[in-house]
Amino acid sequence: MSVSKKQYKRITVKSLVEMKANGEKISMLTAYDYTMAKILDSAGLDVLLVGDSASNVMAGHETTLPITLDQMIYHASSVIRGIQHCLVVVDLPFGSYQSDPKEALRSAIRIMKESGAHSIKLEGGREVKESIKRILNAGIPVMGHLGLTPQSIYKFGTYTVRAKEEQEAEQLMEDALLLERLGCFAIVLEKVPAKLAKKVAEAISIPVIGIGAGNGVDGQVLVTHDMIGMTHEFHPRFLRRYLDLYADMTGAFKQYVADVKSKDFPSDKEQY
């Protein structure tokens, strides 16, 4: 029997749990600025992730490690001003939570107070459980992140698929169950085998949102700039490009240059 989809004026962490229970898939994309956030929000996205991927996409760094807490707060504040419907999740950046649960709480509080965001996300399982507990005890919603964790790229040495071997797959499942027990409202699974991701999603009651984790999970997330083709060098197997804005924008900019050089722009109708 099909279940009618509930209409949400505003998406909350409770909404996502209800959506999983009702079999409704969750849509999630990244946002780093006001203009893009406003467009995404009006398009009906459920969740906007202010990802530390801003380090790559917006600042041109090779990894997510260089971005600072102040910079994440700036991006999150910009996104919050552009939304009316979406739930906004903000990544805790590298170095702001790994070493000390008290520092993790301070970082999370700064994001919530200074940006107006709705929740935070952090990478890892058992190794960061004390930080997660302290943040949750302060009433701040936490989204987990397992599988490929980009902040640990120098530990892994590669962005390849994680948890293909039995031991790592078992540990990932244990970490997912732990995050649920601790009280996380959702988990992102990045670049893990589809069968394992489906197994995790079926084993826990909180939503599992995948990126390169197959279609057996409860929702999907992509980097917006990748899926609309603003970035064009990146070709992972899991990425579907819905637009080719790199080509369209390059063409428009070249035409502008040509029009200015030829004195075609501005025309009589485009001046006072």
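I began with two helices of this predicted model, and I found that the axes of α6 (residues 129–137) and α8 (residues 166–182) come within 10 Å and cross at roughly 25°. Axes here are lines fitted to C-alpha atoms over the stretch in contact, with angles running from 0 to 180 degrees between N-to-C directions. I therefore noted α6 and α8 as roughly parallel to each other, a label for angles under 35 degrees.

I then looked up which residues make this contact (heavy atoms within 4.5 Å): α6 supplies Lys 129, Ile 132, Lys 133 and Leu 136, while α8 supplies Leu 178, Leu 179 and Leu 182. By class, I recorded 5 nonpolar, no polar and 2 charged residues in the contact of α6 with α8.

I turned next to helix α1 (residues 13–21), where I found Ser 15, Leu 16, Met 19 and Lys 20 buried, meaning under 20% relative accessible area with a 1.4 Å probe and protein chains only. Seen down the axis of α1, these buried residues fall within an arc of 135°, so I noted that they line one face of the helix. On the face of α1 turned away from the buried side I found Lys 14 and Ala 21, which are exposed, that is, over 50% on that scale.

As cover for the buried residues of α1 I listed, among others, β1 (26–30), β2 (47–50), β3 (87–91) and α9 (194–203). Just after α1, I noted that Gly 23 takes a positive phi of about 75°.

For the record, residues are numbered from 1 along each chain as its sequence is written, and side-chain values use heavy atoms, with hydrogens and water left out. Local features need pLDDT of at least 70 and side-chain atom pairs count only at pLDDT 80 or more, whereas totals for chains, interfaces and linings use all residues.

Methods: Helix = DSSP H or I, 4+ residues; strand = E, 2+ residues; numbered from the N terminus. Parallel < 35°, antiparallel > 145°, perpendicular 65-115°, else oblique. Nonpolar A, V, L, I, M, F, W, Y, C, P; charged D, E, K, R; others polar. Arc of directions from axis to C-beta.
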